[in-house]
Structures are given as structure tokens and as C-alpha cells.
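Here are my notes for a first look at this fold. Have the model open as you read.

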Amino acid sequence: MKDTAKHQGLRNQLAKQLEEKGITDKHVLEAIRKIPRHLFLNSGFEDFAYQDKAFPIAAGQTISQPYTVAFQTQLLQVKKDHKVLEIGTGSGYQTAVLVTMGAKVYSVERQNELFKITSALLPKLGIRPKHLSFGDGYKGLENFAPFDSIIVTAGAPIIPKPLMAQLKIGGRLVIPLGENEQIMTLLIRKNETQFEKHEFGEFRFVPLLENKN
């Protein structure tokens, strides 16, 4: 598991590219510069790891395009020690970005194969989320609620009610909404019953599926 000066150079280039595409949050860019994305991919993709592209990973899933990761993270407005719920651990790259930014991350993955791979990988990279679980993302993690923010890394046809319930007042929920094409959607919880909704254009994600696999 090597991380070289060449990899670091490619990461710096990637961060610069993301900045040119409109990512302004310095903490997000700093995390992108630090995290060895090539170690989250099948070694066959290593040479492409720092391109701004999504790639296939285990269990028919993908590692999101770095721009998408940065965009979603920027919308969350993560502060140090924020409790963040992540729905769809996937490769663990998004988890790593949040942990590197100082968040306390609670993450759920429904694909058991992926859950096992990522649970083993993250500690090797010195990335320690508060809690990783194998489960149904639609249900969230009620035992650990409420959360400062919630990030969903798969396209959802609807906003799952349990996730809305598990968000603190003032908290932010970022979710790609839609069947084939998704609209990046931000909900800000105003009080017990009211949410403010913002939309940020089209993105493409694998679908958010219910139950565990």
C-alpha cells in the first residue's frame, strides 16, 4: 500500500482542478490533497485514480467522481466534531474525506461484501470513523441520532422519513433525488416539522436500495 510523491503530485493537481470547477471549501480541498484515493480502488485503476471520474468497485457499486464527493461535502458545511451520518459507505473514500475534516462519522453500507472490504481497509489507512455498520440505509442509525448532518451517496427516489427525523434542528441533509438522473438536493431542518429545500442540478449515482444484501 504505497503512497508516493508522484501520487501526492497527482492529488495536488486534482484539488486544483476541483477548485477550478467551483469547490471553494478549503477544508474539503485539503482532505482531497491528503487522501490516497488510489488505495480505495482496484489496483488495475491505480493510474487513473486521480482523474475526476467515477470507477467501479466491488458488489456492482462505484467510487464517486471526486468532484461529486467534494460538492456533496461542501454542501454539508462540516465543522470539527460534527456528527455526520453517511448512507452508503461504499469504498470508504467519502468516509475518509469526512474523517479527515474532523467529523465524527457514522456510516451504513447495505452490501455485505463491500462492508467487509471497507471495514478492513479504513483502519489500515489510519482512518477511524466512529461507527461502521452493515444495514439498511433507509432506516438510518436511530441509536446514534440526532446528527449534525446526513449525506446520502446513492440516488434515492424519495427522501427516507427516518433520515429526516434523525437530523438535528439546523442540520443539513444532502441527498441525490431521482430515479435515473438525480438532482442534488439539500434540506435544512428549520424546526420539528419544517425543512428548507435547495436544488443544485443533475448528478448520476447508483440507486439507493432498501434492505441489506
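The points below go through the sheet, the helices on it and two helix pairs.

1. A word on the source: this is a predicted model, where local features need pLDDT of at least 70, side-chain atom pairs count only at pLDDT 80 or more, and totals for chains, interfaces and linings use all residues. Residues are numbered from 1 along each chain as its sequence is written, and side-chain values use heavy atoms, with hydrogens and water left out.

2. Start with the sheet. It is open, with seven strands in the order E5-E4-E3-E6-E7-E8-E9 and mixed pairing. Strand E5 (131–134) and strand E9 (195–203) sit at the edges, each pairing on one side only. Neighbouring strands are turned by 15° against each other on average, direction ignored. Strands (E, at least two residues) and helices (H or I, at least four) are DSSP runs numbered from the N terminus, and two strands pair if DSSP finds at least two bridges between them.

3. For one pair in detail, take E7 (residues 167–177) and E8 (residues 182–189): they run antiparallel, with six bridges. Here Arg172 stands opposite Ile188 in E8.

4. Next, what packs on the sheet? Helix H4 (residues 93–100) does, touching E3 (83–87), E4 (104–109) and E6 (147–152), and its direction makes about 170° with that of E4. Helix H5 (residues 112–124) packs there too, touching E4 and E5, at about 160° to the direction of E5. Angles run from 0 to 180 degrees between N-to-C directions, and axes are lines fitted to C-alpha atoms, for helices over the stretch in contact.

5. H4 also has a helix partner. H3 (residues 66–76) packs with H4 at about 40°, their axes 11 Å apart. That makes H3 oblique to H4 (under 35 degrees counts as roughly parallel, over 145 as roughly antiparallel, 65 to 115 as roughly perpendicular, the rest as oblique). Val69, Gln72, Thr73 and Leu76 in H3 meet Tyr93, Gln94, Val97 and Leu98 in H4, where contact means heavy atoms within 4.5 Å. By class, this contact has five nonpolar, three polar and no charged residues.

6. Finally, helix H1 (residues 5–20) and helix H2 (residues 26–34) pack at about 155°, with axes 8 Å apart. They are therefore roughly antiparallel to each other. Residues of H1 in this contact include Leu14, Ala15 and Leu18, and those of H2 include Leu29 and Ile32. The class count here is five nonpolar, two polar and five charged residues.

Notes. Nonpolar A, V, L, I, M, F, W, Y, C, P; charged D, E, K, R; others polar.
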